[in-house]
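Open the model in your viewer and keep the sequence panel beside it. This tour goes stop by stop: what to select, then what is there.

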Amino acid sequence: MNWLLVVAGAMAGAPLRFLTDRFVQSRLGTAFPWGTFTVNVVGSLVLGLVTGAVAAGAASSSLYLLLGTGLCGALTTYSTFSYETLRLAAGGARWRAAANVAASVAAGLAAVFAGVAFARALWG
């Protein structure tokens with residue numbers, strides 16, 4: 001039954017990723033992959049929050065499977081991040097590619113730590 005929770009979370013996360021990416025890209029343009037950046041940071045924040053809630057005993061492992069593994073696993077897309085970074089570099093935008101790597105990794109890590117800290121403040 002655990003796999004059903006992961007599938008249910010992924011069924012919500014994948015379309016949410018697509019819609020968020022399209023919404024952000026339509027407003028900020030395509031020179032930088034802002035849509036992928038946004039879903040990766042938001043997904044990292046949610047994953048940190050859920051992880052912190054489970055660690056504090058405020059949420060069950062089933063909720064972690066649904067939201068952490070399923071939803072965040074489908075919402076975030078580090079494979080697309082890699083592809084877009086390589087595409088930027090191959091197109092001659094090497095500084096934007098480097099900025100994408102630095103900003104995505106730093107913001108993703110900051111978001112997951114912020115999520116865990118917020119969960120500790122709420123339930124710790």
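At what angle do α1 and α2 pack, and how far apart are their axes? Select both helices. The angle is about 135 degrees, and the axes lie 7 Å apart. That makes α1 oblique to α2. The crossing of α1 past α2 is right-handed. Keep in mind throughout that this is a predicted model.

**The contact of α1 with α2**

Show side chains for the α1 part of this contact: R17, T20, D21, V24, Q25 and L28. Then add the α2 part: W34, G35, T36, T38 and V39. Colour them by class. You should find four nonpolar, five polar and two charged residues.

**The whole chain**

Zoom out and show everything as a cartoon. The chain holds five helices and zero strands. Starting at the N terminus, its elements read α-α-α-α-α. Along the principal axes, the C-alpha trace spans about 50 × 30 × 20 Å. The chain has 124 residues, and 33% of them count as buried. Now think about contacts between residues at least 6 apart in sequence. Of these, 70% join residues at least 24 apart.

**Helix α1 on its own**

Select residues 2-28, which form helix α1. The helix has 27 residues. From first C-alpha to last it reaches 38 Å, close to the 39 Å expected at 1.5 Å a residue. Which residues of α1 are buried? Pick G9, G13, D21, V24 and Q25. These buried residues pack against α2 and α3. Step just past the end of α1 to G29. This residue takes a positive phi of about 90 degrees.

**From α1 to α3**

Keep α1 and add helix α3, residues 61-75. Their axes are 6 Å apart, and the packing angle is about 35 degrees. Here too α1 makes a right-handed crossing, this time past α3. On the α1 side, click through N2, L5, V6, A8, G9, A10, A12, G13, A14, L16 and R17. On the α3 side, the contact uses S62, L65, L66, T69, G70, L71, A74 and L75. How do the residues of this contact divide by class? There are 12 nonpolar, six polar and one charged.

R17 deserves a second look. It takes part in the contact of α1 with α3, and R17 also belongs to the contact of α1 with α2.

**Helix α2 and what covers it**

Next, select α2, residues 34-55. It has 22 residues and reaches 31 Å between its first and last C-alpha, close to the 32 Å expected at 1.5 Å a residue. Its buried residues are G35, T36, F37, V39, N40, G43, S44, G48, V50, G52 and A53. What covers them? The cover includes α1, α3, α4 (78-90) and α5 (94-123). Move on past α2 to G57. Its phi is positive, near 80 degrees.

**From α2 to α5**

Hide the rest and show α2 with α5. Their axes come within 7 Å and cross at roughly 30 degrees. That makes α2 roughly parallel to α5, because angles under 35 degrees count as roughly parallel. The crossing of α2 past α5 is right-handed.

Select F37, V41, S44, L45, G48, L49, G52 and A53 in α2. Facing them in α5 are A103, S104, A107, G108, A111, V112, A114, G115, V116, F118, A119 and W123. By class, the contact has 14 nonpolar, six polar and no charged residues.

**Two residues of α5**

Click F118, in helix α5. Is F118 buried, exposed or partly exposed? Its relative accessibility is 48%, so F118 counts as partly exposed. Draw a distance from F118 to L49. The two are 69 residues apart in sequence, and 6.7 Å apart in space, C-alpha to C-alpha.

Finish at N100, also placed in helix α5. N100 has a relative accessible area of 2%, so it is buried. Set aside its neighbours within four places in sequence and ask which residues N100 is in contact with. Select F32, P33, F81, T85 and L88 to see them.

Definitions and conventions
Residues are numbered from 1 along each chain as its sequence is written. Side-chain values use heavy atoms; hydrogens and water are left out. Axes are lines fitted to C-alpha atoms, for helices over the stretch in contact, and angles run from 0 to 180 degrees between N-to-C directions. Helices (H or I, at least four residues) and strands (E, at least two) are DSSP runs, numbered from the N terminus. A crossing is left-handed if the near helix is turned anticlockwise from the far one by less than a right angle, and right-handed if clockwise. Contact means heavy atoms within 4.5 Å. Ala, Val, Leu, Ile, Met, Phe, Trp, Tyr, Cys and Pro count as nonpolar, Asp, Glu, Lys and Arg as charged, and the others, Gly among them, as polar. The expected span of a helix is 1.5 Å times one less than its number of residues. Buried means under 20% relative accessible area, exposed over 50%, partly exposed in between (1.4 Å probe, protein chains only). Angles under 35 degrees count as roughly parallel, over 145 as roughly antiparallel, 65 to 115 as roughly perpendicular and the rest as oblique.
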